[in-house]
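Welcome! Take a moment with the sequence and the 3D view, and then let us walk through some of the strands and helices together.

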Amino acid sequence: MGERNEREMISQIGRNRRYIELKDFIREASRALAKLDADRLSELRSLFQELSRVAAEVDVKGQARLTLQVRDASKEMKVFARVIEATRDNLQVLYRLRDSRDGNLEYSAFLRGAGVFRGSSNGND
Amino acid sequence: MGTISSAFAMTTGALEADQAALNVVANNVANANTPGYTEETPTWQENDPITLNGSSSGSGPTETGASSMRDRVLTERIDQQQQLASASGTRLTALNSIQALFSVDSGTSTSSAGDIGNDLTSFFDSFSSLEGNPTSSSLRQEVLSAASTLASDVSGAASSLASQKVALNQEASGVASQVNALTASIAQLNTQIQTTSPDSDAGTLEDQREEDVSQLSQFVGINQITTENNGLSITTTSGATLVSEGSSNPIETGLQDGVTHFLVGATDVTAGLTTGGGQLGGYLTARDIDIPSVTASLDQLAYSVSTQVNALNNAGTDMDGDSANAGNIFSESKQVAGSALSMGVVMTDPNHIAAAATGEGTGGSANAAAIAALSKASFVNGQTPSDYYSSFVSSLGATVTEVSTENTAQNASVTQLQTQNDSLSAVNLNDEASAMTTLERSYQAASQVFSMLNTIIASALNLGDQTTVS
């Protein structure tokens, strides 16, 4: 899906419910996060900025349609929230790993014992 | 200062070390596409210093072998998430099969579990029709026909659930066999690793062990405990020992009340395996929690409907003039459990339907009206029969949705971690710091997207109460 097409689709939100599905974009965001596609997420961020602007301008009828789409996307939003939570947890694990390699955590001794950092203190320093 | 010969020795050693390092790199390239292969880096160790006349000098490095770029903490995190994803994925498959039973589109138009809601309506409607013409033979026959369809669909659904339970039993037993093969392999690898590389990374052997542990994580929830000399012990998440260094304890199966139980040694570990994760956890959760829950709901519906209808029919007067003794329409249930499977129509003569109330004479219709009114009476756990059925199907649907959400998120987590692990363990050019930055960028961008969506949602719903990630 090209960016231009997406922008055209975004501009339709609130006007034609069959043409645009908010849940598809949220699903795409979950997919991009699972694949760590930061560029894609940045694109989606721009699109949602546009969506936010359009949503503020639509008339009452359009607002009602947008509300329907939002309600329809509740499951996708829940999945997206869970993926973000999992990402945050994974990031924490990796921060701790980095710290352990830097020797900032006690269990770094375990990693050295596993052979990864062998050979640094034996000899004639 | 050392001697000339020791300086030569140092130079030669360095050259040998370089060659060994080149071999490690060549091995990495050759195994770039080998599943489970972990990139190796040469391990350098300084030689003992040379001491002459009381002073020491270095003697250069020696390449002591290859050390895989693995990180057990990250690998364990992947295994842990894999266990959760496998469990929810397996459970989801089973739940989808259960839900399909109660989908209106799943069966034929004449008889299927998906029609139970309509069957209930048709059954009570048939009594409403009979109320209008209580002596009509055809309407009496329609009552029995509607009762038969309802009973057939309910018992058919219970029978299908029982069949699914048997299938899950077999699947779970099959997984236990695969677990046993892997734990035996891991125990054997433990022995080899502890013998050949007690103090350093065992390279290929360790790759094989990691691959086995990774597969094991898909099958069962486990804890990994690193032991001395590069050994690895494995327990189930509930603590039963599957591998203790060089020996393994198989999971054995045994029948108890017709249900397969799982044992390690003499200990029944079924309950622990159910909540533990992996495919086995998923199968057992579906078998021991989801199916019994759905079956219990069906049993309650069948028991309440048949008991109430039979009681009212026995309280009225049938076409033969029998009062307070017309007989049962449905088979009699002594207890709730098993009522759905045994539900059937025992009445064969439509003249035994007691449409009239006692004292009305055979042409009365008050009792038919009373039975028809059961459709609006809250006698199934405080709900009408149709509402009870609807809420149980909705509840099943909500469970499927919840497990589906969990599974999607868990798979996403596994994908992320594997990407990170690839940057560390696989043979590619990305470095770890770059991969970490990608993860951070993705997380930040996703958080911003989520925040914007929250704003849009709050605005659209006009609630002013935003969803939170907690």
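In this predicted model, V264(B) stands opposite T267(B), a residue of β11(B). One step back along β10(B) we can look at another pair: L263(B) faces D268(B) in β11(B). Strand β10 of chain B covers residues 259-264, and 2 bridges join it to β11(B), with the two strands running antiparallel. The hairpin they make has 2 residues between the strands, and G265(B) takes a positive phi near 65° there.

L263(B) also has a partner on the other side of the pairing: in β10(B) it stands opposite E252(B). Here the strands are β9(B) and β10(B), which pair in the antiparallel sense over 6 bridges. They too form a hairpin with 2 residues between them, and in this turn D257(B) has a positive phi of about 55°.

Put together, these strands give an open sheet of 3 strands in the order β9-β10-β11 of chain B, with antiparallel pairing. Which strands stand at the edges? They are β9 (251-256) and β11 (267-268) of chain B; each has a single partner strand, so one side of each is left without a neighbour in the sheet. As for β10(B), 5 of its 6 residues are buried, so this strand is largely enclosed by the rest of the structure. As background, strands of a sheet pair through backbone hydrogen bonds, either parallel or antiparallel.

**A sheet of 4 strands**

Chain B has another open sheet, where 4 strands follow the order β5-β6-β7-β8 and the pairing is antiparallel. At its edges stand β5 (222-227) and β8 (247-248) of chain B, each with a single partner strand, so one side of each has no neighbour in the sheet. Within this sheet, β5(B) pairs with β6(B), residues 231-236, over 6 bridges in the antiparallel sense. One of the residue pairs to look for is T227(B) with its bridge partner G231(B) in β6(B).

Helix α5 of chain B, residues 204-219, packs on this sheet and touches β5 and β6 of chain B; its direction makes about 5° with that of β6(B). Another helix, α4 of chain B (residues 137-196), lies across β5, β6, β7 (241-244) and β8 of chain B, running at about 25° to β7(B). α4(B) reaches the sheet of 3 strands as well: it lies across β9 and β10 of chain B, at about 20° to β10(B).

**Helices that meet α7(B)**

Helix α7 of chain B spans residues 278-315, and its axis comes within 3 Å of the axis of α5(B), the two crossing at roughly 5°. α5(B) and α7(B) are therefore roughly parallel to each other. Their contact is made by S217(B), Q218(B) and F219(B) of α5(B) together with G278(B), Q279(B) and L280(B) of α7(B). By type, these residues divide into 2 nonpolar, 4 polar and no charged.

Helix α3 of chain B, residues 116-132, also packs with α7(B), at an angle of about 5° and with the axes 14 Å apart. That angle makes α3(B) roughly parallel to α7(B). On the α3(B) side you will find I116(B), L120(B), F123(B) and F124(B), which meet L298(B), L301(B), V305(B) and V309(B) in α7(B). What types of residue make up the contact of α3(B) with α7(B)? They divide into 8 nonpolar, no polar and no charged.

The two contacts sit side by side in this table.

| Helix pair | Axes | Angle |
|---|---|---|
| α5(B) and α7(B) | within 3 Å | roughly 5° |
| α3(B) and α7(B) | 14 Å apart | about 5° |

**A residue of α5(B)**

For one residue to click on, try E211(B), which lies in helix α5 of chain B. Is E211(B) buried or exposed? Its relative accessibility is 30%, so E211(B) counts as partly exposed. From its C-alpha atom to that of S390(B), 179 residues away along the chain, the separation is 46 Å.

**Turning to chain A**

Chain A comes to 6 helices and 0 strands, and from the N terminus on its elements run α-α-α-α-α-α. Of its 125 residues, 42% are buried. Among contacts in chain A with a separation of 6 or more, 61% come from residues 24 or more positions apart. Finally, the accessible surface of chain A is about 6,700 Å², and 43% of that belongs to carbon and sulfur atoms.

Technical notes:
Residues are numbered from 1 along each chain as its sequence is written. Chains are lettered from A and ligands numbered from 1 in the order in which they are written. This is a predicted model: local features need pLDDT of at least 70, side-chain atom pairs count only at pLDDT 80 or more; totals for chains, interfaces and linings use all residues. Side-chain values use heavy atoms; hydrogens and water are left out. Two strands pair if DSSP finds at least two bridges between them. Contact means heavy atoms within 4.5 Å. Axes are lines fitted to C-alpha atoms, for helices over the stretch in contact, and angles run from 0 to 180 degrees between N-to-C directions. Angles under 35 degrees count as roughly parallel, over 145 as roughly antiparallel, 65 to 115 as roughly perpendicular and the rest as oblique. Ala, Val, Leu, Ile, Met, Phe, Trp, Tyr, Cys and Pro count as nonpolar, Asp, Glu, Lys and Arg as charged, and the others, Gly among them, as polar. Buried means under 20% relative accessible area, exposed over 50%, partly exposed in between (1.4 Å probe, protein chains only). Accessible areas come from the Shrake-Rupley method with a 1.4 Å probe; for residues, only the protein chains shown count as cover.
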